[in-house]
Every structure is written in C-alpha cells, then in structure tokens.
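Got the viewer open? Load the model, switch on the cartoon, and keep the selection box handy. We'll go stop by stop.

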Amino acid sequence: MVYLDNMFAGLPRSPEVERMKQELLSGMEDKYLELKQQGRSENEAVGIVISEFGNIEELMAELGIQPEEAEETLPVLTEEEVQAYIEAKRSAGFWTGLGVWLSSIGIAFLILMNTLFESMGVSSDEGTVGIGSVLGISGMFILVAVAVGMFIYSGMKLGRFDYMEEEFKLPRSLLMSIQRSKASFALTYRVALITGVCLCILSPVFIFAGAYVNDTYAAYGVSALLAMAGTGVFLFVYYGNIQSSYTTLLEDQHLSEAKREEVRAVRAVEAVVWPLATAIFLFTGFVYQRWDINWAIFPIVGILSGSFSNVYHIMKNKKPS
C-alpha cells in the first residue's frame, strides 16, 4: 500500500484517480496471493507484482490523466552574478553606443570630404573631386569596420548571460540593493535621456543654417547633424543599457512567457528597421540629394518602433471574430 501511495503521489486527487488506484490495488493483491499459492517467496512475489503493475503511464494516457506539475525550481542569482551582469551591460552599452557614433561619424566624414573637395574642385580638374570621394569612402569604411568590431565585442560580453532571459529569483537583500541602485541612477538616466533628445531635435538646425547660406554649407550641416545626433544616440544606448540591466533584474524576472515572446519580437524588429532606415537615409541623400528633409526618417522610425510593442500586444490578444 505504501508503494502504491508513492506511485500516485504526483497525480491529482479525483474520483477517477481514486477508482483507478483501488482497482490497481485489488489486482496487485490478487496477483500477490496467486504467486504465494504457487510457492513463491514473499520477496519474489512482491518483485513480480511491482514489475507487472509498477508502470501506470499507459493506463494514465488511456484515461487522459495528467500528473500534477511539480513546482518549478528557479535559479537563484548570487551577488557576484548580478554585479557581473550589470557591469557587462554597462560595458556593452558603451561599446555599442560608441560603435553607433563611429558609424555616424563615418557617414559624416564621407559627406564632408566629398563636399569639401567638390567645392575646392570647382575651378580644378575632375580628379580633385575623385580624391575627395576616395578619401571619404575609405574613412567611412574604416570607421564602420571598427564599429562592427565593437558590436561583435558587445554581443560576446553579453552572450554568457543568455540564461537571464529565462525566469530567475533574487534573494530579498539583493533585491533591495538593486532597487536602491536603480533609484540612485534614475536622475542620471533622466538627464541623459533629455540631453539625447535635445541633441537629436536640435541637430537639423545645422542644415537649415547652412542652407540659408548656400547648398554647400547645407551639406556641411548634414555632417554636423550626424555627429550631433550620433552623440545623442550614444547617450540613449549607453545609459539605456544600464537602465535595462536594472529592469531585467527587477521586472523581467516576473514576465510571463507571452510577454517574453513580445520582448523578443520587438528586439527583432528594432534590429532590422534601424539599419534599413540608415540605408534609406543614405540612398535618398546620395541619389536624390535630399539631405534637407531625409533626416526626418530617424524620428519617424523612432516613433514607429516605439509604438510597435503596443500594436503587437493588441494584435496578439485580438480574438478572432
């Protein structure tokens, strides 16, 4: 009877299960008595009964009975793991932000060199213009290559914390410590966010000021716009990564699987739309020479990217009519 109780310990307590348990007990007792009558020892009889009746998975499947799920044991993070994760996010944010800034500077350098040598070559041969393009493209590719290396390095630093995307627990004392750190960082994060927004909003001023003089200065204004906006994006990425580390530790541990899927979808979209926006910006600039208005691509994409999470959530929870 004790063995049978252990077998049914993980099953729900329902009339159907109790009935199956009593039937199985009756069958085991009958088999045990039969074996004893055949002259088997007690140990032999018990062993044979267990071997014949000890597996009830097939019977459970036939009856459609599911065992009660055992309480999931979540990993508990240590203080060392938490500090290493925060530091890795901070470092990754710095290198990623610097890579974005270098990419912007690379494009700005290309426009600057091309415009500078073109203006110098107004009364010179066409070879002067060619030199500016070669220098600009070479410098841009060098800076972009360095930026890509920084992106890869940042990803490698965070790769060992992939398990943080799953559920975990924090000790009470460590949880309180992280909450205090986040509260202390809140002012710094707000200042950085406001500064970055202001830099991005004010950056087109250089284009308007340059265009007021002539088209050549408008092109210089585009270079200044990219450098200034790149600085703003650096602030977003760097300080945003630090804020994200606190959010992951304090809030993401409680996310449901559906919410985690939503977060992964948003990140996947962002990984595509921003390079696409940059490609459109360069194409419309170099092919159609619309540096005066194509900068608006980035704030538009930013608004659309920010609203994607809400749209995804609405569509995901929309019931079919």
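Start by selecting Val-197, which sits in helix α7. Helices here are DSSP runs of H or I of at least four residues, strands are runs of E of at least two, and both are numbered from the N terminus. Val-197 is partly exposed, at 36% relative accessible area. On this scale, buried means under 20% relative accessible area, exposed means over 50%, and partly exposed is in between, with a 1.4 Å probe and protein chains only.

Now add Leu-193, Ile-201, Leu-202 and Val-205 to the selection: together with Val-197 they make a nonpolar surface patch of about 420 Å². Helix α7 gives the largest share of the patch, four residues. A patch takes residues with over 30% relative accessible area and no salt bridge, joining nonpolar side chains (Val, Leu, Ile, Met, Phe, Trp, Tyr) within 5 Å and like charges within 9 Å. A salt bridge, in turn, is a side-chain nitrogen of Lys or Arg within 4 Å of a carboxyl oxygen of Asp or Glu. The areas come from the Shrake-Rupley method with a 1.4 Å probe, and for residues only the protein chains shown count as cover.

A word on what you're looking at: it's a predicted model, where local features need pLDDT of at least 70 and side-chain atom pairs count only at pLDDT 80 or more, while totals for chains, interfaces and linings use all residues. Residues are numbered from 1 along each chain as its sequence is written, and side-chain values use heavy atoms, with hydrogens and water left out.

Zoom out for a moment. The protein chain has 11 helices and zero strands. Of its 321 residues, 33% count as buried. It exposes about 19,600 Å², with carbon and sulfur atoms supplying 62% of that. Take contacts (heavy atoms within 4.5 Å): among those between residues at least 6 apart in sequence, 76% join residues at least 24 apart.

Next stop, the inside. Which residues have the most contacts within the largest nonpolar core? Select Leu-77, Val-82, Met-164, Leu-170, Ile-178 and Leu-249, out of the 22 residues in that core. A nonpolar core is a set of buried Ala, Val, Leu, Ile, Met, Phe, Trp, Tyr and Cys residues joined through side-chain atoms within 4.5 Å. Helices α5, α7 (172-202) and α9 each supply at least two residues of this core, and α9 gives the most, with eight. Apart from this core lies another one of 13 residues, including Leu-110, Ile-207, Leu-226 and Ala-277.

Click on Leu-249 and show its surroundings. Leaving aside residues up to four places away in sequence, Leu-249 touches Leu-77, Val-82, Tyr-85, Ile-86, Met-164, Phe-168, Leu-170 and Ile-178.

Now try a lysine. Is Lys-89 buried or exposed? Lys-89 lies in helix α5 and is buried, with a relative accessible area of 11%. Again setting aside residues up to four places away in sequence, Lys-89 touches Leu-158, Asn-241, Ser-244 and Ser-245. Hop over to Asn-241, in helix α9, which is buried too, at 17%. Beyond residues up to four places away in sequence, Asn-241 touches Lys-89, Ala-92, Gly-93 and Phe-236.

Time for the rings. The whole structure holds 10 aromatic pairs. Rings of Phe, Tyr and Trp (its six-membered ring) pair if their centres lie within 6.5 Å; planes under 30 degrees apart are stacked, over 60 edge-to-face, and the rest tilted. Select Phe-94 and Tyr-238: this edge-to-face pair is 6.2 Å centre to centre, with 80 degrees between the planes. The pair links distant parts of the chain, since Phe-94 is in helix α5 (residues 79-120) and Tyr-238 is in helix α9 (residues 215-250), 144 residues apart. Phe-94 is partly exposed at 33%, whereas Tyr-238 counts as buried at 16%. Tyr-238 also pairs with Tyr-239: their ring centres are 4.8 Å apart and their planes at 75 degrees, so this pair is edge-to-face. Tyr-239 is partly exposed, at 22%.

To see the wider cluster, colour Phe-94, Trp-95, Tyr-153, Phe-185, Tyr-189, Phe-234, Tyr-238, Tyr-239 and Tyr-246, which ring pairs link together.

Last stop: Tyr-217, in helix α9 and partly exposed at 44%. Draw a distance to Thr-115: the two C-alpha atoms are separated by 8.9 Å, with their positions 102 residues apart along the chain.
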